[in-house]
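Reader: I would like to learn how to read a protein model, one feature at a time. Where should we start?

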Amino acid sequence: MRPLARGLIAAAFAFVFVPLASAQAWPVKPIRLIVNSAPGSGIDLATRAFTPQLGEALGQTVVVDNRPGAGGTIGIEAMARADPDGYTLLGSPGGGILMAPHLYKLGVDMNRDVVPVTPTARLTIFLVVNPGLPVRNVAELIAHARANPGKLNFGSSGTGSSLHIAGEMLLRTAKIQAVHVPFKGGGPALIGLLGGQTDFMFDPGPSVPQVKAGKLRLLAVARATRSLFFPDTPTMAEAGADVNVDLVQGVYAPAGTPRKIVTRLNREVGRIMQTAEVRKALDGIGGEAVVASPEEFAARQRSERERFGVIIREANIRAQ
């Protein structure tokens, strides 16, 4: 065989097999895990609880990159537009994934461009108030708001977020008025409540230590069942205002990410979420580990996206 022919054949084999070998060797460099919420938020704390062990399992550093804003859509779009090679992922609460498509004109399609990889945790949404507010239960909060129409305000992690939607559901269900104050993330919103800038908010867990310390007052949980951590605290429905924002957060990847990578991430994260270290971290924010296959997770998120679409349309909730 002539030298030129042998060279062409060798080049062809290199073109075909080197990318395949690289895919099989994944990961060979650090992985960026975008979190579409601010540092100190529920999703941020829960994500940072499992990323060190995930990095150890994969043999590469997992770098958390906070990209809050626009109801979580900034982080979602950054992930969805990245190369589908397993090196850019998204850690997201339910709000951006389930609610933003009904509130914003997005540059990505949730069903086409976003791959649900694995659930991580269910974070209970707590209704908490500043202790300076003269209310001790949901009925008293509603009565106080009716006696002071438009004078109360509630914080959230941003317009269109799950915390904003929960607040709007309360206003609509209870027929009360209050001013929405959007912050750049759940952490800043919680600081605003503690500092007296707002009167109440729905919070996905970071408020738990403040509640235990007496710095905030817990009124109810916005889910169908009571929290395991506060069994004496009623659900919103039990308290007379049916607000159910029972969301599961998780990890997502760009469409086209190799199935082997999705499967491995699902297996590793599911195992890590069951470890004592991660469970202890979740306990601190009232969270519960969730494990499911990519297919089960995707089906749940599709169903929930449809449910919240109905709620948002019926309540005429719009991004401000």
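Author: Start with one pair of residues: Val-128 has Met-201, in strand 8, as its bridge partner. Keep in mind that this is a predicted model.

Reader: Which strands pair around that bridge, and in what sense?

Author: Strands of a sheet pair through backbone hydrogen bonds, either parallel or antiparallel. Here strand 5 (residues 126–129) and strand 8 (residues 200–203) are joined by four bridges in the antiparallel sense.

Reader: In what order do the strands of the sheet stand?

Author: The sheet is open and has five strands, in the order 7-6-8-5-9, with mixed pairing. Strand 7 (179–182) and strand 9 (217–221) each have a single partner strand, so each is an edge with one side lacking a neighbour in the sheet. From one strand to the next, the twist averages 25°.

Reader: Which helices lie across these strands?

Author: Helix 6 (residues 138–147) lies across strand 5, strand 8 and strand 9, and runs at about 105° to strand 9. Helix 7 (residues 162–174) lies across strand 6 (153–156), strand 7 and strand 8, at about 125° to strand 8.

Reader: Is Gly-132 buried or exposed?

Author: Compare its relative accessible area with the cut-off: exposed means over 50%. Gly-132 has 64%, so it is exposed. Gly-132 sits in the loop between strand 5 and helix 6. Its C-alpha is 9.7 Å from that of Lys-215, although the two are 83 residues apart in sequence.

Reader: Why is helix 3 described as largely enclosed?

Author: Here the other cut-off applies, as buried means under 20% relative accessible area. Seven of the eight residues of helix 3 (residues 73–80) are buried, so the rest of the structure largely encloses this helix. Among the buried ones are Ile-76, Glu-77 and Met-79. The buried residues pack against several elements, including strand 1 (31–35), strand 3 (88–92) and helix 5 (110–113).

Reader: How much space lies in the largest pocket, and which residues are closest to its centre?

Author: The largest pocket holds about 450 Å³ of space. It is lined by 31 residues, and the closest to its centre are Asn-36, Ser-37, Pro-93, Ser-157 and Ser-161. Helix 2 (42–58), helix 4 (94–99), helix 7 and strand 10 (248–254) each give two or more residues to the lining. Helix 4 gives the most, with three.

Reader: What classes of residue make up that lining?

Author: There are 18 polar, 12 nonpolar and one charged residues in the lining of the largest pocket.

How values were computed: Residues numbered from 1 in each chain as written. Predicted model: local features only at pLDDT ≥ 70, side-chain atom pairs only at ≥ 80, totals over all residues. Heavy atoms only, no water. Pairing = 2+ DSSP bridges. Axes fitted to C-alpha atoms, helices over the stretch in contact; angles between N-to-C directions. Contact = heavy atoms within 4.5 Å. 1 Å grid on protein atoms, 1.4 Å probe; cavity = no way out; pocket = protein on both sides within 12 Å on 5 of 7 lines; lining within 4 Å. Points joined across faces, edges and corners; volume = space filled by probe spheres on them. Nonpolar A, V, L, I, M, F, W, Y, C, P; charged D, E, K, R; others polar. Buried < 20%, exposed > 50% of the residue type's maximum accessible area, 1.4 Å probe, protein only.
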